[in-house]
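Me: I should be grateful for a close look at a single part of this structure. Please give one connected account that a first-year student can follow.

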Amino acid sequence: MNIQDNAGTIPQVGIIMGSDSDFDIMKEAVKVLEEFGVPSEISVISAHRTPRDLEAYASGARARGLKVIIAGAGGAAHLPGVTAALTELPVVGVPIFNQKLSGQDALYAIVQMPAGIPVATVGIDNARNAALLAVQILAISDTELMQALTAFRLKLADASRQKTGKIRQ
Ligand code: RP5
């Protein structure tokens, strides 16, 4: 199921998730990419429920123009790893929290990839960092994006310095 596409632009980042129940977390990645003006597409694809759709999506991703894939999943979170196995594109994995094992099952499943097929794993529910990592990857070959990233980092540093000021008052 495709939830949202940028109209008329070729997506550079593909955001996929195992279930629509992951969307509340994964929409944070969409927001970050929008802030940086990076076109993205977002879909629900499950490694378990729709494995053949995943194979088609991941194996065709590079030819369709995607540069990075962000994959979020909870529980037995095989989506990022299987995606990474099916494409040479960098895959960023987002472990999603669930009530039973607090997201640790997903974290371990995503981070413990066998040698040769890496997934860049961010913290539990940290879809925002996944998107920032995607922006950093794209910015290597995009001067404007790198400038936007530098400006973002400067703002982050300013906000942090202001916090120091607050605790000294
Ligand atoms: C995973 O199972 C999904 O990524 C989701 O985090 C979890 C639960 O899915 P639903 O049962 O809510 O569809 O595959």
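Reply: In this predicted model, β4, α3 and β5 together form a β-α-β unit that is right-handed. The two strands of that unit, β4 and β5, pair in the parallel sense, and 6 bridges join them. One of the pairings involves G72, whose bridge partner in β5 is V94.

Strand β4 itself comprises residues 68-74. It is mostly covered, since 7 of its 7 residues are buried. A general point helps in reading such a strand: in a regular strand, the side chains alternate between the two faces of the sheet. In β4, V68, I70, G72 and G74 point one way, while I69, A71 and A73 point the other way. Both sets are buried.

β4 also pairs with β2, again in the parallel sense, over 5 bridges. Two positions help to locate this pairing: G14 stands opposite I69 in β4, and M17 stands opposite G72 in β4. G72 is thus a useful residue to find in the view, as it stands opposite M17 and has V94 as its bridge partner in β5.

From here the account may move to β2, which spans residues 13-17. Because 5 of its 5 residues are buried, β2 is largely enclosed by the rest of the structure. V13, I15 and M17 point one way from this strand, G14 and I16 point the other way, and all are buried. β2 is joined to β3 (residues 40-44) by 5 bridges, and these two strands run parallel. Within this pairing, V13 stands opposite S40 in β3. To pass from β2 to β3, the chain goes through helix α1 (residues 23-35), and this β-α-β crossover is right-handed.

The helices deserve attention as well. Two packed helices are described by the angle between their axes and the distance between the axes. For α3 (residues 79-86), the helix of the opening unit, the partner is α2 (residues 51-60): their axes come within 8 Å and cross at roughly 50 degrees. The helices α2 and α3 are therefore oblique to each other. The crossing of α2 past α3 is right-handed. On the α2 side, the contact is made by L54, E55, A58 and S59; on the α3 side, it is made by V82, T83 and L86.

The helix of the other crossover, α1, packs with α5 (residues 127-139) at an angle of about 35 degrees, their axes being 7 Å apart. This crossing, too, is right-handed. Here I25, M26, E28, A29, V32 and L33 of α1 meet A127, R128, A130, A131 and L132 of α5.

Finally, the path from α3 to β5 (91-96) includes a loop in which E88 lies. Is E88 buried or exposed? E88 counts as exposed, because it has 8 C-beta neighbours inside 10 Å, and a residue with 12 or fewer is classed in this way. The residues of β4, by contrast, are buried. E88 and H78 are 10 residues apart in sequence, and their C-alpha atoms lie 17 Å apart in space.

Note on methods:
Residues numbered from 1 in each chain as written. Predicted model: local features only at pLDDT ≥ 70, side-chain atom pairs only at ≥ 80, totals over all residues. Buried ≥ 20, exposed ≤ 12 C-beta atoms within 10 Å, placed from the backbone. Helix = DSSP H or I, 4+ residues; strand = E, 2+ residues; numbered from the N terminus. Pairing = 2+ DSSP bridges. Right-handed = clockwise from strand over helix to strand, strands pointing away. Axes fitted to C-alpha atoms, helices over the stretch in contact; angles between N-to-C directions. Parallel < 35°, antiparallel > 145°, perpendicular 65-115°, else oblique. Left-handed = near helix turned anticlockwise from the far one by under 90°. Contact = placed C-beta atoms within 7 Å.
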